[in-house]
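Biologist: I have a new structure open and have not looked at it before. Can you walk me through it?

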Amino acid sequence: MERPRHQGMAKNTYMRWRLPLVCLLWEVAMIVLFGVFVRFGPEADAHWEEEKRELNLTSDMENDFYFRYPSFQDVHVMIFVGFGFLMTFLKRYGFGAVGFNFLLAAFGIQWALLMQGWFHSFKNGKILIGVENLINADFCVGSVCIAFGAILGKTSPIQLLVMTLFQVTLFSVNEYILLNLLHVKDAGGSMTIHTFGAYFGLTVTRILYRPNLEQSKDKQGSVYHSDLFAMIGTLYLWMYWPSFNSAISDHGDAQHRSAINTYCSLAACVLTTMAFSSMLQKKGKLDMVHIQNATLAGGVAVGTSAEMMLTPYGSLIVGSISGIVSTVGYVYFTPFLESRLHIQDTCGIHNLHAMPGLIGGIVGAITAAAATEDVYGKEGFIKAFDFTGVYQTRTPSVQGGFQAAGIVVSLLMAFVGGAIVGGILKLPIWGDAAAENCFEDEVYWEVPEDEESDVYHMHNPDKPASP
Amino acid sequence: MERPRHQGMAKNTYMRWRLPLVCLLWEVAMIVLFGVFVRFGPEADAHWEEEKRELNLTSDMENDFYFRYPSFQDVHVMIFVGFGFLMTFLKRYGFGAVGFNFLLAAFGIQWALLMQGWFHSFKNGKILIGVENLINADFCVGSVCIAFGAILGKTSPIQLLVMTLFQVTLFSVNEYILLNLLHVKDAGGSMTIHTFGAYFGLTVTRILYRPNLEQSKDKQGSVYHSDLFAMIGTLYLWMYWPSFNSAISDHGDAQHRSAINTYCSLAACVLTTMAFSSMLQKKGKLDMVHIQNATLAGGVAVGTSAEMMLTPYGSLIVGSISGIVSTVGYVYFTPFLESRLHIQDTCGIHNLHAMPGLIGGIVGAITAAAATEDVYGKEGFIKAFDFTGVYQTRTPSVQGGFQAAGIVVSLLMAFVGGAIVGGILKLPIWGDAAAENCFEDEVYWEVPEDEESDVYHMHNPDKPASP
Amino acid sequence: MERPRHQGMAKNTYMRWRLPLVCLLWEVAMIVLFGVFVRFGPEADAHWEEEKRELNLTSDMENDFYFRYPSFQDVHVMIFVGFGFLMTFLKRYGFGAVGFNFLLAAFGIQWALLMQGWFHSFKNGKILIGVENLINADFCVGSVCIAFGAILGKTSPIQLLVMTLFQVTLFSVNEYILLNLLHVKDAGGSMTIHTFGAYFGLTVTRILYRPNLEQSKDKQGSVYHSDLFAMIGTLYLWMYWPSFNSAISDHGDAQHRSAINTYCSLAACVLTTMAFSSMLQKKGKLDMVHIQNATLAGGVAVGTSAEMMLTPYGSLIVGSISGIVSTVGYVYFTPFLESRLHIQDTCGIHNLHAMPGLIGGIVGAITAAAATEDVYGKEGFIKAFDFTGVYQTRTPSVQGGFQAAGIVVSLLMAFVGGAIVGGILKLPIWGDAAAENCFEDEVYWEVPEDEESDVYHMHNPDKPASP
């Protein structure tokens, strides 16, 4: 017995040929492009023994795999379980949250390996990949997962795949401009991942504005257990964020320092989030939406500066502020954005990623500008900011200026790119659902009849079983 | 107030003395056998300082612990959370899925340490264990978890323990034949773990065929939240599979390469699974059963070849194909197996492990046969296939033949072993449930009354509280 | 529509100003203290390049980060997901379990970094932190999470924060006495974390005894899905416990050995727990409470001795015994403690942490006393027990005596400290709930209306929708 759809579906959400076609064609394209371009990097290639001898390495331990693989796995968990489950808070959109996140990320990492590879790992006509490329691909896809949060429940899987295609492309271009042209530091991606991803997503959802979304208002909330599922996502993001911010930092002290700064920032962020969550409610009760989201702002906000000498107390300050800003955002900004600016932001990414991302960019610029040889040591100073080659003469304050420029570029890319991609997604060919069917898994998923109620009542002979 | 059993229980499922007896006797046996045989390997023994000096190692980092421990923990999560939660999809068998998996795996790893130890780590009358043994024990138990998937919901915990005892034994013999006698490569266990485990389980479930299983049909489905719990299992298996396939590969490039190949294969597999899931349904909707299972086939299918120079695009191809095969299997083969061959495969392990395992064995044979010194480098070639000692003169094509022989041996061991063990499990002394009580936790577990319905309704004064 | 509170709330649980005030003031205090005291240790500082040269290190791999970071992340998961979800078993206290655990742990790690820093990492007026400090902070907070288990559902978040402040302080003093003054080994914290934490918590809950707690008896049980959520916590604790016990052991063999011993102990513990769970029930069914908790006792019970030459079979014995003791505790001791000693122990920490912790301390003392140069090797012996400097002449039997003294000191600190802190928490200013509102999230959390029942029934036109 299938649950009947109670409102007429005005739109054609039939996926049977469109979705398979997109998935299969794109996968074939990936295979062809990988076949032409992608090869193992020297540390993953069977010629490694010779490589080792050439580089005079005495131990297999010097293989980058051992420096980064544990962090890679943590980042991988953040992308698939972290983001996936964070979005299961909606009462009837758990399949879509976890499943579509899975789909777009699995496609996105393939495309990101290519895009980022062409920009950063291209040698003699081949993209040479290793564990750092896998991490960067996951990072790139992270920005898509963020944007997904803004349009959660309102788009078809095809729209998500199309968005992923374009967003990964734009991400890679933006990343190239920041890291290579502006020579900006952004290991944890406050600018490249969070600021870009969030404002891109917010622009897309603005373009896709649905005036009648209140028709599905009854499905926009959570239920008790969906909030617990979401906490799985929250905690994995929170716990592994030190790995996220340190995953691609320089070996040694930089990875170590990034992890410590992020750990401190996140701890502080929890306290200020709890404080403001209680304070901003008349009844003084805590709101799970804040706990699930704003507690993570501290990780976003030290994304740029974590590998710098931000210091533990600096991290506490940044984390504290970002928890406050994010919680205030959930209470005041999100309703304002929706009612005044027509920005319907399902997960509140403006509060979790956009504002903390901006804070992160700014803190990074300040921390860079304030760097001195005294604090970093002569060698450490050069190493931390890569002041070598053509950048040999760059001063901290100039670096700070370029960092700030990175924020502006990321914002521009997000607004322009988001507007274009939003326009593409508005075409009536992608199979999105009508307003009254938003936030409802049944549109795209085989949903089991919930017989739990039957189970509960089955032994009560006096009452007829529920439907 | 206990929920009354509505159908008469024809069978004696009373566990009170049988289960404790088996558990305690076997644990005592483990203690005795460990006492006689098991000792710390040199890298875990307090004599390590002397060992280090003898081996001329300058750093504690050279201890195998640091090469493999992160992968070990990922594999550990796959066995206990991955397999455990993957099987919670049934609406009323979550306790059994997670709990019995916990029980059999906890027993199995002890017995596997002994069995595999006698075959591979036996020196001067002692089994010397280190982190690699822990990984191998987890791997061995993985094959039991796979077989458990076929008989999920239809067996008593004692049957599962008995099956574990025999299957671990047979696994170790089969593994010894493949790795030591045939000198086959199978780091990720496409043959030893998946092909063997799955066909073993399918044979067992065939022997245990229950003609009246439709009596518990109402419990064979999922409910909304049980599908989300299962996704936890799916995602942890999916995310950590690169660790699974690389955990016991050679240090350096081989571990690195295995992780990359597996990452690529799994990503591709998600796309083809989604495509075929939608395509094979009249309504074009996605089916959670496919997403939960077929997305993992890509990991199985590169289990043998991941540490070889399969190349990233080769991995994409293998992953794509296995996703298709697996999804098609769920739609067409599983019903066929049940109706025609009387193979009742609760979790569809034929689609997730058996067929992709075969693919993995074949791809491994082909990849080995196609290996050249050009691609691997002279040293890399010898190292990758261990062409040393008596195997010095083995050629790639001969290796390919032996790899293929490994598949056949694994199948034979699975069919013969499964038939014998199935026969043992058919004895009417193990306390399995009647057909109408299958897939129901209440048979072996204290299940809390679900008062949620009370909670939901408690404030409705017009309706009497639910039972 | 808010669910009306059905019983009058006698107590003032209004948190709006009190909770924010405590959180914000304390966070400001943390920032000031961190600003004055906390700096990066040499391995996380940008001067690391110079440090490396001084220490004659040739590789970044020698940075402690790479020895300990994977274990740190596992421990981090245990504290936040492990303890947090373990306590979600209550049907209506999931938010409080995960959320308050999150809050107290996030505060606690900051305060622990300071307290432990002053005792152990204080140089030239600064606390120098690195990854080992992060692990130790997590460990310290672990003892608070344990104590939280005893008072779960009966305290306000402010009480938990106050308890955390004091308990972290006392923990650090106790740890200093044991590790520095008594020169005791306790890498996995059987004494410092488990014995101390559990008896502290039990003393606190004794002081806070609530005679009318049966008024909330209907909420003290679990429901089907809450038991599955709790299993997530259980499994993560179980799987990562080898990392817990090895995280701060010496590099090399000691970490390796700790992981193996813990793995073995935990495996054995599962079997004896299952055996006794079934045996002690008239109907012979397994009880999820035991599976969720007693299976972990094996990890607690080798906390002190895991890094010693306990041997794998020794670990099996210890694990087997502790599983039995813990399960028997749940069946017989917990009811006894409540009815006779007025100790209301919500999670049964007496069975999971207190008794196994004592076992762990005793096993550690015996294992230390039984150590010989023959078993450890001359160098290994000195290294394992740090018999250097003033401890150069200490014998194993003397060490065993000091280990035993460590148990006594931990117990004394727990009883005296718990009594004082319990007294403070009894003050009527902290906003705890009345007895009839215990174990109920609605007191401190915005709880979503559970519309699931509506969803279930919405298509039944004959029955009015549920409230």
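Biologist: How far apart are the end C-alpha atoms of residues 62-429 of chain A?

Modeller: They lie 51 Å apart. Keep in mind that this is a predicted model. The span is 73% helix and 2% strand.

Biologist: What does the UniProt annotation call residues 62-429 of chain A?

Modeller: The annotation reads "domain: Ammonium transporter AmtB-like", and it comes from an unreviewed UniProt entry.

Biologist: On to the chains. What rotation superposes chain A on chain C?

Modeller: A rotation of 120 degrees, with 0.0 Å of shift along its axis, and the RMSD is 0.0 Å. That is the relation of a three-fold axis.

Biologist: Which residue of chain A comes closest to the rotation axis?

Modeller: P70(A) does, with its C-alpha at 3.6 Å.

Biologist: And what about laying chain B on chain C?

Modeller: That takes a turn of 120 degrees and a shift of 0.0 Å along the axis, with an RMSD of 0.0 Å. In chain B, the C-alpha nearest the axis belongs to P70(B), 3.6 Å from it. The copies use different surfaces here, as 15% of the contact residues of chain B recur in chain C.

Biologist: Back to chain A and chain C. How many residues are in contact?

Modeller: On the chain A side there are 84 residues, and they are in contact with 90 residues of chain C.

Biologist: What area is buried between chain A and chain C?

Modeller: About 7,500 Å², and carbon and sulfur atoms give 70% of that. On the chain A side, the residues that lose the most area to chain C are Y224(A), Y263(A) and L271(A). Together they make up 12% of what that side buries.

Biologist: Which residues have the most contacts inside the largest nonpolar core?

Modeller: Y236(A), Y236(B) and Y236(C), in a core of 447 residues.

Biologist: What does Y236(C) touch?

Modeller: Leaving out residues up to four places away in sequence, Y236(C) touches Y236(A) and Y236(B). Also touched are V77(B) and V81(B), along with V77(C), M78(C) and V81(C).

Biologist: Switching to cysteines. How many disulfides are there over all chains?

Modeller: The count comes to zero.

Biologist: Why is C140(B) not in one?

Modeller: Because the closest cysteine sulfur, in C145(B), is 9.9 Å from the sulfur of C140(B), too far for a bond. The cut-off for a disulfide is a pair of cysteine sulfur atoms within 2.5 Å.

Biologist: Is C140(B) buried or exposed?

Modeller: C140(B) is buried, with a relative accessible area of 0%.

Biologist: What is the closest cysteine sulfur to that of C23(C)?

Modeller: The one in C269(A), 12 Å away, which is too far for a bond. C23(C) is buried, and its relative accessible area is 0%.

Biologist: One more residue. Where is M115(B) found?

Modeller: M115(B) sits in helix 4 of chain B, which covers residues 94-120. M115(B) is buried, with a relative accessible area of 9%.

Biologist: Which residues is M115(B) in contact with?

Modeller: V168(B), T169(B) and S172(B), leaving aside neighbours within four places in sequence.

Biologist: And how far is M115(B) from T195(B)?

Modeller: Their C-alpha atoms are separated by 20 Å, and the two residues are 80 residues apart along the chain.

Key: Residues are numbered from 1 along each chain as its sequence is written. Chains are lettered from A and ligands numbered from 1 in the order in which they are written. This is a predicted model: local features need pLDDT of at least 70, side-chain atom pairs count only at pLDDT 80 or more; totals for chains, interfaces and linings use all residues. Side-chain values use heavy atoms; hydrogens and water are left out. UniProt positions are given in the numbering used here, feature names are shortened, and annotations may be inferred rather than shown by experiment. Helices (H or I, at least four residues) and strands (E, at least two) are DSSP runs, numbered from the N terminus. A nonpolar core is a set of buried Ala, Val, Leu, Ile, Met, Phe, Trp, Tyr and Cys residues joined through side-chain atoms within 4.5 Å. Buried means under 20% relative accessible area, exposed over 50%, partly exposed in between (1.4 Å probe, protein chains only). Contact means heavy atoms within 4.5 Å. Copies are superposed by least squares on the C-alpha atoms of residues with pLDDT of at least 70 in both. Buried area is the accessible area (1.4 Å probe) that two parts lose on being put together, summed over both.
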